[in-house]
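Reader: I would like a close look at one part of this structure, taken slowly and with its surroundings described. Please choose a loop position that deserves attention and then follow the chain to either side.

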Amino acid sequence: MLHNKVAIITGSTSGIGLGVATELARAGVHIVLNGFGDSAEIEQLRQSLINQFGVKVLYSPADMQQPKQIDEMIQTTLSQLGSVDIVVNNAGIQYVSPVETFPKDRWDAVIAINLSSAFHAIQAAIPHMYKKGWGRIINIASAHGLVASAQKSAYVAAKHGLIGLTKTVALEAAKTGVTCNAICPGWVLTPLVQKQIDALVEREGLTPEAAKSRLLLDKQPSGEFVTPQQIGETVVFLCSDAAQSIRGSSLSIDGGWTAQ
Ligand code: NAD
């Protein structure tokens, strides 16, 4: 059913975004990869998705802090792949600091990449989805879109904002074939979280294993990391006909984090 649809996944050169791109490609969806990284490695990722799943895969280097580049990414996708059916707003960064010393430029960057980029991508893509009468917008928020943690003011504000944006877009599109939902992962072991584990090792002299357990113990009752594949498979479900009436939801995939 998803065969030959076209999906843009922002921030898909790594972590969760790559897991989402892989599962969508497995379902027969043509893919636009986006994100930073070594160009040879990105080309290898692109080729590997093409070889494994026989879909078309483009790479867009658009910087999610730059609205003009986001628009260009949508336009290039339309001209090269003919459609934009699925947008997964996933690109994100983290910065950890008490609010009184939170660097202003880090605040601006977190809000731009984790929140405003989703607005710009939705604004550019949704008219094409309306025209086709079908579309899926999936925003990768976080458990931090529902509850807070100390020292993550910008991230928590951006993710709460992203859930608000999700609900608004879902309402505006409610009578169309376009749905908009958020996924709220708990801890997933990606480079974004590895940096926080490394910081814990340095600050408290823990072994890497002990730091991982501490992170999980603090928040995630399952005691296990969520995987990028689990999130990718949930995205595929949200793109299915079965999910046509799921609109404006925030789906927690967090090992029980926000059930507490
Ligand atoms: P990651 O660091 O592995 O990947 C982030 C991706 O975003 C990379 O591809 C990176 O190149 C890209 N990116 C960063 N800045 C960008 C920019 N300016 N323009 C374009 N691309 C940019 O991180 P991840 O853990 O996979 O995170 C992906 C999303 O999932 C983020 O929105 C994050 O907030 C969210 N999330 C992560 C976790 C977790 O535990 N890892 C939990 C909840 C939510």
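Author: A residue is called buried under 20% relative accessible area and exposed over 50%, and partly exposed in between. This is a predicted model, and the position chosen here is Gln 151, which lies in the loop between β5 and α5. With a relative accessibility of 40%, Gln 151 therefore counts as partly exposed. Its backbone deserves attention as well, for Gln 151 has a positive phi of about 75° although it is not a glycine, whereas most residues other than glycine have a negative phi.

On one side of this loop is strand β5, residues 135-140, where 6 of the 6 residues are buried. Gly 135, Ile 137 and Asn 139 point one way from β5, while Arg 136, Ile 138 and Ile 140 point the other way. Strand β4, residues 86-89, runs parallel to β5 and is joined to it by 4 bridges, and in one of these pairings Val 87 has Ile 137 as its bridge partner.

On the other side is helix α5, residues 153-172, which packs against helix α4, residues 104-132, at an angle of about 15°, with the axes 8 Å apart. Because angles under 35 degrees count as roughly parallel, α4 is roughly parallel to α5. The crossing of α4 past α5 is right-handed, and the contact includes Trp 107, Phe 119 and Tyr 130 from α4 and Ser 153, Tyr 155 and Leu 165 from α5. The residues of this contact divide into 16 nonpolar, 3 polar and 2 charged.

Methods
Residues numbered from 1 in each chain as written. Predicted model: local features only at pLDDT ≥ 70, side-chain atom pairs only at ≥ 80, totals over all residues. Heavy atoms only, no water. Axes fitted to C-alpha atoms, helices over the stretch in contact; angles between N-to-C directions. Helix = DSSP H or I, 4+ residues; strand = E, 2+ residues; numbered from the N terminus. Parallel < 35°, antiparallel > 145°, perpendicular 65-115°, else oblique. Left-handed = near helix turned anticlockwise from the far one by under 90°. Contact = heavy atoms within 4.5 Å. Nonpolar A, V, L, I, M, F, W, Y, C, P; charged D, E, K, R; others polar. Buried < 20%, exposed > 50% of the residue type's maximum accessible area, 1.4 Å probe, protein only. Pairing = 2+ DSSP bridges.
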